[in-house]
Number of protein chains: 2
Amino acid sequence: MHCIDNLQFANWSEKIFLQMREGGLDAVHVTISYHEVFREMVANIEDWNRHFESFPELIFHGRSGDDVRRARREGRTAIFFGFQNPSPIEDDIGLVEICYMLGARFMQLTYNNQSLLATGCYEEEDAGVTRMGREVIAEMNRVGMIVDMSHSGERSTLEAIEISNRPIAITHANPFFWHPARRNKSNNVLQALGQSGGMLGFSLYPHHLKGKSGCSLTSFCEMIARTADLIGVDSLGIGSDLCQDHPDSVVEWMRVGRWTKKIDYGEGNASDSGFPEMPDWFKDNRDFPNIKKGLLTHGFSEKDVAAIMGENWLNFFDKGFTSRI
Amino acid sequence: MHCIDNLQFANWSEKIFLQMREGGLDAVHVTISYHEVFREMVANIEDWNRHFESFPELIFHGRSGDDVRRARREGRTAIFFGFQNPSPIEDDIGLVEICYMLGARFMQLTYNNQSLLATGCYEEEDAGVTRMGREVIAEMNRVGMIVDMSHSGERSTLEAIEISNRPIAITHANPFFWHPARRNKSNNVLQALGQSGGMLGFSLYPHHLKGKSGCSLTSFCEMIARTADLIGVDSLGIGSDLCQDHPDSVVEWMRVGRWTKKIDYGEGNASDSGFPEMPDWFKDNRDFPNIKKGLLTHGFSEKDVAAIMGENWLNFFDKGFTSRI
């Protein structure tokens, strides 16, 4: 059984890489860009290259499904790069392939706001996928980079599912039916995603959880069971959205970037603007076995638990990253 | 027998790629940067990606010695990227690995002038490899990018040979003993290069040839024989420096970049500032068989001709591009 977490953004350190090993993570998709332009994103890859050089016994740069299997064999964690915003490709479609060459495997078409490609989930009006958005989706399909609509609006998401000739992902979000947060997804979106062969990664970020920081493991597992009933177990994985060891200034950068001079609280508010506390059964990478145990206790079969904990993402990686370049 | 040309900079087009096939080129090292900073160099790779997408039956992006063998099997030409100047890494050693990830396999430490790394062959004083130069050579050694000293000064070149823990290359230059041009290399440099396992690529650029555009094939082959006597046949290959189909404004960019507001004529002069005419036996890629015939006529064995025309470069690629990342 492989264990994959398909979204994290931590203040990366040896401590965290050791925790990934302790938690049995074979692969983690890490965010390397929120608002960075191309050259800034490259500087973030330079930082990752330093981590790979410094801790080769713990982590390496993953690019394919086979790298997850290799990680398993070698007792290391494969790190996959992704962007939560298309800012690194600027206004230049040629940068899609360049970013793929540098190892990027996921790109969100939007991060909350309108982008050059589509509409984010915090805009009042969602005008759908733009002209450039259609071109970029086709280019992502060609090179083998996954379209991620976690932070996009409803219409844009449905259109992206329709336009993309490869299945897309919502790497980190939960169903709206369970917890009606702006970032959680409607049954409409979830069903279209499942029917197209796409993947949903369940988020552990408290703003996405019923009861927030107080959410119980039982409630979380019950949500997974209901989502499996709705769209099938094969479309489900974990995308924890774990944001570890960051100061609150980093959550502010994630929300505000350079797009406003004011403060935007995103999923928080003025009295609760920092990182919320994690549920006590999922504090960090060492707690993945708790989710596994919770699913087994809830009645999922061994096979279904393996699928949700990593095999579904691995199948998706195998198909999704195959390149035509 | 493999055929490799280890330096060209043309106004790339389908016509030229067809001529590579006609000339039997399995691999060509192409210059993708003279004075470009990182982001500008990336735009040049984007242009190459377009060529690869447009002409997949003729060319593909080469990254390893095995890609040369694959090119041979598939009847295509593998294109290897290189820089004639370290400008794409700016002042940032982390960009060495980034450029390797993007496929760069050769980098000159200087292009005629002083750089952050070493001294070019047109400076009056050569102070040798700089502090950053030593760090960058070590990083190039680690990632598998070849140090190229074609346009460097004597002292810097000797020091680079000494400092580098992998053999280096002079991809395109001729011996000074044959034609005393500023860009051609002393016996001292050639012997140190040969003894360290390095490679010399013979240039066909008329400013590097005895008799310039009127140089005979016999004289060119005689030079190769004398160089083989001096440093051994295993260190020799071709690096034609073919500059095809460019307007004279491009040779001006190569010489002047952004470093001066005046005109610098480089190897030319005010009355002869453009691209010189090529010798009639080497006009373009279709003429590689002429060199091969010339070497056989001159008395080289079949084995030595194969070595000079490509096998030596292929061995060098096999060893030189192996990465520790």
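## Working through a predicted two-chain model

**Exercise 1. Find which residues of helix α9 of chain A are buried, and on which side of the helix they sit.**

Step 1. Helix α9 of chain A spans residues 248–256, and its buried residues are A:Val251, A:Met254 and A:Arg255.
Step 2. Look down the axis: these three cover an arc of only 90 degrees, which puts them on the same side of α9(A).
Step 3. Now see what comes after the helix. α9(A) is followed by A:Gly257, with a positive phi, near 45 degrees.

Keep in mind that this is a predicted model. Chain A averages a pLDDT of 97, with 100% of the residues scoring at least 70, and the model as a whole gets ipTM 0.94 and pTM 0.96.

**Exercise 2. Place B:Tyr265 and decide whether it is buried, partly exposed or exposed.**

Step 1. Start with the chain: B:Tyr265 is in the loop that runs between α9 (248–256) and α10 (288–298) of chain B.
Step 2. Count its C-beta neighbours inside 10 Å. There are 14, so B:Tyr265 comes out as partly exposed; buried would take 20 or more, and exposed 12 or fewer.
Step 3. Check who it touches. Skipping neighbours within four places in sequence, B:Tyr265 is in contact with B:Arg255, B:Ala270 and B:Ser273.
Step 4. Take B:Arg255 from that list: it's ten residues from B:Tyr265 in sequence, and their C-alpha atoms are 6.8 Å apart.

**Exercise 3. Pick out the best-connected members of the largest nonpolar core, then list the contacts of B:Val96.**

Step 1. The largest nonpolar core has 169 residues, and the ones touching the most other members are A:Ala160, B:Val96, B:Met145 and B:Ala160.
Step 2. Zoom in on B:Val96. Once residues up to four places away in sequence are dropped, B:Val96 touches B:Ile89, B:Val136, B:Glu139, B:Met140, B:Val143 and B:Met145.

**Exercise 4. Describe how chains A and B meet, and work out the symmetry between them.**

Step 1. Count both sides: eleven residues of chain A are in contact with eleven of chain B.
Step 2. On the chain A side, α2 (38–54) and α4 (94–101) each supply at least two residues. α2(A) gives the most, with six residues.
Step 3. Sort that side of chain A by class, and you get six nonpolar, two polar and three charged residues.
Step 4. Superpose the chains. A rotation of 180 degrees with 0.0 Å of shift along its axis puts chain A on chain B, at an RMSD of 0.0 Å. That's the relation of a two-fold axis.
Step 5. Compare the two sides: 100% of chain A's interface residues are also interface residues in chain B, so the copies meet through the same surface.

Note on methods. Residues are numbered from 1 along each chain as its sequence is written. Chains are lettered from A and ligands numbered from 1 in the order in which they are written. This is a predicted model: local features need pLDDT of at least 70, side-chain atom pairs count only at pLDDT 80 or more; totals for chains, interfaces and linings use all residues. Helices (H or I, at least four residues) and strands (E, at least two) are DSSP runs, numbered from the N terminus. The arc is that of the directions from the helix axis to the C-beta atoms. A nonpolar core is a set of buried Ala, Val, Leu, Ile, Met, Phe, Trp, Tyr and Cys residues joined through C-beta atoms within 7 Å. Two residues are in contact if their C-beta atoms, placed from the backbone, lie within 7 Å. Ala, Val, Leu, Ile, Met, Phe, Trp, Tyr, Cys and Pro count as nonpolar, Asp, Glu, Lys and Arg as charged, and the others, Gly among them, as polar. pLDDT is the predictor's confidence in each residue, from 0 to 100. Copies are superposed by least squares on the C-alpha atoms of residues with pLDDT of at least 70 in both.
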